[in-house]
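Please walk me through this structure, taking the strands and helices in turn and stating the criterion behind each term as it comes up.

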Amino acid sequence: MEDVILKAQGLTKVYTMGTEKVYALKGVSLDIARGNYVSIMGPSGSGKSTFFNIVGGLDKPTEGEVFMDGQRFGDLNSSQMAWVRCHKVGYIFQSFNLIPSMTALENVAIARIFSGRTPPEARRDASEVLEQVGLGHRLHHTPAELSGGQQQRVAIARAMVNKPEVILADEPTGNLDLRTGEEIINLLGKLQKDKNITVITATHDMKMLAASDVVVWIRDGQVDRVAKRGEVKIQVGTIDGNTLA
Amino acid sequence: MNSAKTIPRQTEVPWTVAFSVSWGSLRRRIFRSMITMIGVVLGIAFLTYMLVNDSIVQALVAMRNESVNVLLQKAGVDILREGTDPMMLLLIGLSLLTCLVGIINAMLMSVTERIKEIGTLKCLGAEDSFIVRTYFIESSLQGVLGTLCGSLAGLLVGILINLVSYGGYVFQVFPWFEIIRAELVAFVIGSLMSIMASIAPAYWAACKQPVDAMRVEE
């Protein structure tokens, strides 16, 4: 049996717009195995982001449950959820979301401080992780002084510093050029393999597919298709063919 | 399966960390913080000036010196009247209210601008209490620094204007006790006011959700 780290059960999300009810998710169930690299694909408005946010513990479903390591999110209070976000999950955003008033080192260290480390310990750990993502020489630069790729590396270091079990990356290559995007994907893939971290990305980036163990297509608030690694390879050709045509 | 107990509560972050985060945000927006502060400086300077002026004039009246009385009458002081003019109190009250609204407005805007930042901090494991602290410190720091500058400026202006009107007599009767009391009163009023103005924006900031980190910037 596979070791399931994240389990979504019958997730429904309803937004009320005036008097109208809009279903962003219509009962999504999915198991994600530990150590996998999962890509969630889907056009905008498909419910992909909503699903992603709920699974990551950022948003609450209207109905349904999310379990992480067998722990139901619905049973946790806000302080425990903060603990889960801090220790178990690392978040990477499309627009990097670094704090502009902090240097690269401080941006990573603050996440470590939230996990209960003292500031000096946090800075030491932060500089270690920044070293690992190849930014040892940029510790004291603010986000404004870093390139997009470097900012995303800082964000990856920040997501890694508390040794999470799951990394959630929302369109991590969306604001990067092709080559830098590829570097970021490789870095994520390497971290996933070296540290057995589960990586979940929401993306339209076809390059992501090659790195994925599982690809989930979401359409109209439902899981359209789930493909494992072997099947994905075949799909890449056709999809590439389609996009080129 | 009752494993909810296995997940601990999130650890508290020390005040010093909240303070350094607030200080960083203030420094980044130094220009706008200055403008907010100037509002407080002016309001408190006005209050201090009135208090200082009152104490000096009262002390001069108490001298019961002929030539001082002439100067006082020239300056338009009603020697027989006791206490502060109620119109002046109203004016001071209104100006203080204006700076209160100014701080609240500036801080609410600054929170709106940083909704995404707050969401991100929550994704990293920040609790509501940490967000309340950082925004509270940031806001009240502006108010308290502004109050400090304002009370000193008001004192200086009060002494200078009275020196111009009454010359050396001011130092003959310099009412140390009343002046120090005036400074303290202005400082306490200004600080309390700034702290009150900081409560609402800080709580409003903490209401932001982790999912706000995903917002697309407008």
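**From a loop residue to the chain contact**

A:Asp220 is placed in the loop between E9 and E10 of chain A, where helices (H or I, at least four residues) and strands (E, at least two) are DSSP runs, numbered from the N terminus. The phi angle of A:Asp220 is near 50°, a positive value in a residue other than glycine. A:Asp220 is partly exposed, with 14 other C-beta atoms within 10 Å; a residue is called buried if 20 or more other C-beta atoms lie within 10 Å of its own, exposed if 12 or fewer, and partly exposed in between, with the C-beta atoms placed from the backbone.

The model is a predicted one, in which local features need pLDDT of at least 70 and side-chain atom pairs count only at pLDDT 80 or more, while totals for chains, interfaces and linings use all residues. Residues are numbered from 1 along each chain as its sequence is written, and chains are lettered from A and ligands numbered from 1 in the order in which they are written.

The strands on either side of A:Asp220, strand E9 (residues 214-219) and E10 of chain A, pair in the antiparallel sense over 6 bridges, two strands being paired if DSSP finds at least two bridges between them. Within this pairing, A:Ile218 has A:Val223 in E10(A) as its bridge partner. Both strands belong to an open sheet of 6 strands in chain A, with the order E6-E7-E8-E3-E9-E10 and mixed pairing. Strand E6 (89-92) and strand E10 (222-228) of chain A are the edge strands, each pairing on one side only, and from one strand to the next the twist averages 15°.

Further into that order stands strand E3 (residues 37-41) of chain A, of which 5 of the 5 residues are buried, so that E3(A) is largely enclosed by the rest of the structure. In a regular strand the side chains alternate between the two faces of the sheet. In E3(A), A:Tyr37, A:Ser39 and A:Met41 point one way and A:Val38 and A:Ile40 the other way, and all are buried. E3(A) pairs in the parallel sense with strand E8 (residues 198-203) of chain A over 5 bridges, and A:Ser39 has A:Thr201 in E8(A) as its bridge partner. E3(A) also runs parallel to E9(A), to which 4 bridges join it, and here A:Ile40 stands opposite A:Val216.

A second residue with an unusual sign of phi is found after the edge strand E6: A:Phe96 lies in the loop between E6 and helix H3 (104-114) of chain A. Its phi is near 70°, a positive value in a residue other than glycine, and A:Phe96 counts as buried, with 23 C-beta neighbours inside 10 Å.Chain A has another open sheet, of 4 strands in the order E2-E1-E4-E5, with antiparallel pairing. Strand E2 (20-33) and strand E5 (71-72) of chain A stand at its edges with a single partner strand each, so one side of each is left without a neighbour in the sheet. Strand E4 (residues 63-68) of chain A pairs with E5(A) in the antiparallel sense over 2 bridges, and the bridge partner of A:Phe67 in E5(A) is A:Arg72. Helix H1 (residues 48-55) of chain A lies across strand E1 (4-17), E2 and E4 of chain A and runs at about 125° to E1(A); axes are lines fitted to C-alpha atoms, for helices over the stretch in contact, and angles run from 0 to 180 degrees between N-to-C directions.

In chain B, the axes of helix H6 (residues 128-166) and helix H8 (residues 176-206) come within 7 Å and cross at roughly 155°. H6(B) and H8(B) are therefore roughly antiparallel to each other, given that angles under 35 degrees count as roughly parallel, over 145 as roughly antiparallel, 65 to 115 as roughly perpendicular and the rest as oblique. Their crossing is right-handed, a term used if the near helix is turned clockwise from the far one by less than a right angle, with left-handed for anticlockwise. The residues of this contact divide into 16 nonpolar, 11 polar and 2 charged, where Ala, Val, Leu, Ile, Met, Phe, Trp, Tyr, Cys and Pro count as nonpolar, Asp, Glu, Lys and Arg as charged, and the others, Gly among them, as polar.

H6(B) also meets H1(B), their axes coming within 8 Å and crossing at roughly 50°, which makes H1(B) oblique to H6(B). This crossing too is right-handed.

Finally, 27 residues of chain B are in contact with 31 residues of chain A, two residues being in contact if their C-beta atoms, placed from the backbone, lie within 7 Å. Helix H1 (15-28) and helix H5 (115-123) of chain B each supply at least two residues of the side of chain B that touches chain A, and H1(B) gives the most, with 5 residues.
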